[in-house]
Amino acid sequence: MMRALHLYISILSGMESENYKHKWKFARIGGIDRVTIDTGADLVNLYQLDQKLWTALSCPVYGLEIDSKTLEYMDEDQDKRLRIGEVLTAIKWIEELITDTNALIHPQPEFPLSLINTNSENGIRVLNSAKQILQHMGKSDADGLAVEETSDTVAIFANTSFNGDGIISSISTEDEFLKKSIEQIISVVDPVSDRCGLPGINESIVNQFFEECKALIDWDREGFKIEIKRLFPANSAELFELFSKVEAKINDYFLRCRMAEFDENSLASFNQFTAKYEAIVANNAIVSKEELAELPLSFVDRSHKLNIQGRINPSWISEMEAFRTKIIVPLFGNISFIDEPQWRSVCDKFLAYKNWCTLKPATRVEELGLESICLLVEQDVQTKLLALIKLDLELEEEVNSISDVDKLVRYYRDIYTLVSNFVTFNDFYSLKSNAVFQSGVLYIDRRSCKLCVKIDDVAKHSASAGRSGIYLLYCNCVSLKLNAKMTIVAALTNGDTDDLSVGRNGVFYDVHGNDWDATVVKIIDNPVSIKQAFWMPYKRVSKMINNQIEKFASSKDKEIEESSAKKVEVNPLMSGDSQKTQPKESFDIAKFAGIFAAIGIALGAIGTTLLAIFSGFLKLQWWQMPIAIAGVMLVISGPSMILAYLKLRKRNLAPILDANGWAVNAKALINLVFGKTLTDLAVLPKNSTRILRDPYAKKKFPFVPVIILTLIVFVLLMYVATKKGWIHTSLDKYWGNKTEKVEVPKVQKADSIAVIKK
């Protein structure tokens with residue numbers, strides 16, 4: 001590994017070594033010379049290849065159609081990106097573990113154990129672990145392993161007491177007391193899953209649990225210093241709750257006593273509840289217990305003592321009786337009255353208890369009960385559990401070897417695929433397989449788009465992807481079956497775009513065969529084909545004419561509506577005779593004379609121009625006419641086609657991937673030929689028959705055939721008339737009567753210059 005890293009640093013530094021003797025082969029693909037990796041020697045010597053010749057410098061480890069666990073193994077620094085150094089390290093690691101690197105080019109479904117290099121300690125260790133996996137799975141006689149088998153750690157470590165992950169569960173010991181202790185701890189903490197998939201506890205959880213246990217025990221012991229806790233050890237919490245209920249009412253009573261002692265004349269007013277009671281009754285026919293509870297606890301008398309057995313507010317009788325029997329009698333004996341000093345003594349005792357309660361540790365450990373907690377501490381369960389964890393960790397190296405087996409099997413299956421999509425884009429330009437960034441196929445508008453890439457943010461991606469020169473469809477995909485959503489960008493590289501717009505729906509099939517409902521949310525418009533560019537000027541003119549007709553019709557409709565509204569707004573009180581007497585606007589012929597003249601001039605000019613064009617066209621030989629028509633169409637469509645061709649030949653995949661987190665190091669051009677393979681159009685099957693007559697089609701007047709036939713007849717007549725000289729004779733007669741010959745006098749050169757200056 002160090003050798004590979006050293007060589008990689010040398011490449012980054014631009015250093016060259018005479019020992020780099022590997023002979024490379026390059027192929028022209030996508031407009032760039034790309035290295036071909038056909039043998040194991042090509043693969044293991046990639047450290048010699050200048051990174052300027054790599055197609056990609058880095059890529060994200062998410063959003064790729066390759067096993068995420070494989071990419072996780074390669075991403076050594078766990079930064080969610082895969083770089084050249086990490087790819088080289090992965091290649092060097094597997095090179096040292098196998099005997100034939102050519103096996104990586106065409107991997108089999110199962111990794112053959114005979115391929116492991118047993119001449120190294122690392123190889124022997126991995127081989128033993130591989131056999132151990134097969135033994136756990138009941139396949140001791142097998143000589144190969146698949147990824148599905150090595151990745152199923154639950155099956156590998158099923159029913160094993162220790163699996164080297166430092167996590168123990170209830171099956172990690174035969175001691176019933178320890179089993180129960182582990183289950184108790186798991187019930188009040190957030191457990192972690194071990195390699196068997198069972199909930200368990202590790203060293204940090206055990207230490208934290210017993211720290212909380214000891215803190216709770218210490219807090220409980222401090223409570224015995226509190227008088228209330230000593231006097232009422234069994235129900236001190238219940239008595240504190242009872243005290244809290246009556247505290248405010250009794251304080252209110254003794255406060256009124258002190259006020260009455262200060263002013264004896266206020267005694268009567270303190271005992272006057274009539275007004276309050278009447279106010280309550282005025283709002284309610286029946287006085288509720290809650291409303292009555294708001295009145296004072298008892299009447300104030302000159303003794304300034306509270307009678308806790310008689311003359312108590314009816315809504316407080318039960319609470320005061322419980323307070324007397326459970327608190328007052330044990331503290332002061334069987335008495336019926338208490339004075340303020342006695343009450344203050346009770347308050348002080350419960351205040352100390354209240355302060356102690358606030359110091360109680362906040363922990364779920366209390367759910368086990370103080371008795372169970374004390375038993376766990378007394379039996380030194382913490383030490384026993386930590387010893388089990390230590391035994392489990394002693395198998396860490398052996399278990400890591402099992403993890404290396406999983407890593408080896410995944411590298412064997414995936415490393416060539418990754419290199420083919422990293423060093424070169426071989427899978428992308430191959431018609432037999434898809435690249436790792438191709439997430440599926442989008443079906444929309446009678447075509448299928450094979451170049452679909454998962455993205456996270458449409459706005460962010462489209463800001464950079466527009467430089468690709470590709471027509472892009474951004475789609476939101478939803479799968480109710482999988483209860484999932486994702487966003488893709490699909491490249492449209494063939495056909496036309498007439499019927500595509502935001503909001504158009506399609507179906508997306510991912511590489512696993514799942515179908516998703518896809519909706520277009522954004523479009524980046526670029527040329528798609530030369531054919532589309534040829535018809536584009538005519539479609540634009542047609543669209544412009546349609547828009548103008550719609551605007552004209554809309555304006556006329558609006559004028560008619562406004563005119564009708566004005567007629568309706570005529571005063572309805574006006575009689576019919578008076579309405580007839582209203583002056584009508586007379587038609588001013590002078591006003592429209594200019595308009596008629598202008599229209600006449602325009603029609604005359606257009607007619608003269610068309611006549612000149614047809615005359616010139618008809619003078620051509622019959623075989624020259626199609627050439628002239630083609631030339632006119634080429635003049636109209638030529639600029640659009642040239643511009644489209646220049647853009648189509650520069651279509652580049654790199655900006656699409658760069659916007660998705662890649663660092664593409666070379667162009668990935670999509671020319672016209674390759675573009676047709678990425679977007680398939682709907683084509684009828686071979687040997688199929690077509691019935692062109694639609695029985696449900698609307699019967700229409702054959703405008704198009706009639707117009708074409710009329711044009712053909714007109715052209716033939718004009719052709720015959722020109723050959724016979726009829727048109728020229730008629731024109732000479734017509735224009736000869738209208739015009740006179742004007743003889744221009746000859747002017748000498750000096751006179752002409754003078755005239756020009758004037």
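Biologist: Why is Glu238 called partly exposed in this model?
Modeller: The model is a predicted one. The relative accessible area of Glu238 is 43%. Buried requires under 20% and exposed requires over 50%, with partly exposed in between. Glu238 at 43% is therefore classed as partly exposed.

Biologist: What makes the pairing of Lys326 and Glu238 a salt bridge?
Modeller: The criterion is a side-chain nitrogen of Lys or Arg within 4 Å of a carboxyl oxygen of Asp or Glu. For Lys326 and Glu238 the N to O distance is 3.1 Å, so the pair qualifies. Lys326 belongs to helix 15 (residues 317-332) and Glu238 to helix 11 (residues 236-262), and this pair links distant parts of the chain, 88 residues apart. Lys326, with a relative accessible area of 36%, is also partly exposed.

Biologist: How do you know that Asp38 and Lys25 form a salt bridge, and what does the pair tie together?
Modeller: The closest N and O atoms of Asp38 and Lys25 are 3.2 Å apart, and the limit is 4 Å, so the pair counts as a salt bridge. Asp38 sits in the loop between strand 2 (32-35) and helix 2 (40-44), while Lys25 sits in the loop between helix 1 (2-12) and strand 1 (26-29); the pair therefore ties together parts that are 13 residues apart in sequence. The relative accessibility of Asp38 is 41%, so Asp38 counts as partly exposed.

Biologist: What makes Asp680 and Lys450 a pair that links distant parts of the chain?
Modeller: Asp680 and Lys450 form a salt bridge, with their closest N and O atoms 3.2 Å apart. Asp680 is in strand 19 (residues 679-681), whereas Lys450 is in the loop between strand 12 (447-449) and strand 13 (452-455), and the two are 230 residues apart. Asp680 has a relative accessible area of 30% and Lys450 has 31%. Each value lies between the 20% and 50% limits, so Asp680 and Lys450 are both partly exposed.

Biologist: How many salt bridges does the structure hold, and which residues are linked in a network?
Modeller: The structure holds 28 salt bridges. Asp67, Asp406, Arg410, Arg413 and Asp414 are linked in a network of such bridges.

Biologist: How do you know that Lys407 has no salt bridge?
Modeller: The nearest side chain of opposite charge is that of Asp404, 5.2 Å away. A salt bridge requires a distance within 4 Å, so Lys407 and Asp404 do not meet the criterion. Lys407 is nevertheless buried, which means that its relative accessible area is under 20%. Lys407 is part of helix 19 (residues 396-420). Setting aside residues up to four places away in sequence, Lys407 touches Tyr73 and Trp93.

Biologist: Why is helix 4 called mostly covered?
Modeller: Of the 14 residues in helix 4, 12 are buried. Among them are Ile84, Val87, Leu88, Ile91, Trp93 and Leu97. The buried residues of helix 4 also include Glu86 and Lys92.

Biologist: How do you know that the length of helix 4 agrees with its residue count?
Modeller: At 1.5 Å a residue, the 14 residues of helix 4 (residues 84-97) should span 20 Å. The end C-alpha atoms of helix 4 are 21 Å apart, which agrees.

Biologist: What makes Asn687 exposed, and what is its phi?
Modeller: Asn687 has a relative accessibility of 83%, and exposed means over 50%, so Asn687 counts as exposed. Its phi is near 65°, a positive value in a residue other than glycine. Asn687 lies in the loop between strand 19 and helix 28 (703-724).

Biologist: Where is Asp380 found, and why is Asp380 called partly exposed?
Modeller: Asp380 is found in the loop between helix 17 (370-378) and helix 18 (381-393). The relative accessible area of Asp380 is 39%, between the limits of 20% and 50%, so Asp380 is partly exposed. Asp380 is not a glycine, although its phi is positive at about 55°.

Biologist: Which residues is Ser140 in contact with, leaving aside its neighbours within four places in sequence?
Modeller: Ser140 is in contact with Leu134 and Gln135. Ser140 is located in the loop between helix 5 (121-136) and strand 6 (144-145).

Biologist: How many helices and strands does the chain have, and what share of its residues is buried?
Modeller: The chain has 30 helices and 19 strands. Of its 758 residues, 37% are buried. The chain exposes about 46,300 Å², of which carbon and sulfur atoms supply 57%.

Definitions and conventions
Residues numbered from 1 in each chain as written. Predicted model: local features only at pLDDT ≥ 70, side-chain atom pairs only at ≥ 80, totals over all residues. Heavy atoms only, no water. Helix = DSSP H or I, 4+ residues; strand = E, 2+ residues; numbered from the N terminus. Buried < 20%, exposed > 50% of the residue type's maximum accessible area, 1.4 Å probe, protein only. Contact = heavy atoms within 4.5 Å. Lys, Arg positive; Asp, Glu negative; His and termini not counted. Expected span 1.5 Å × (residues − 1). Areas by Shrake-Rupley, 256 points an atom, 1.4 Å probe, with all protein chains shown as cover.
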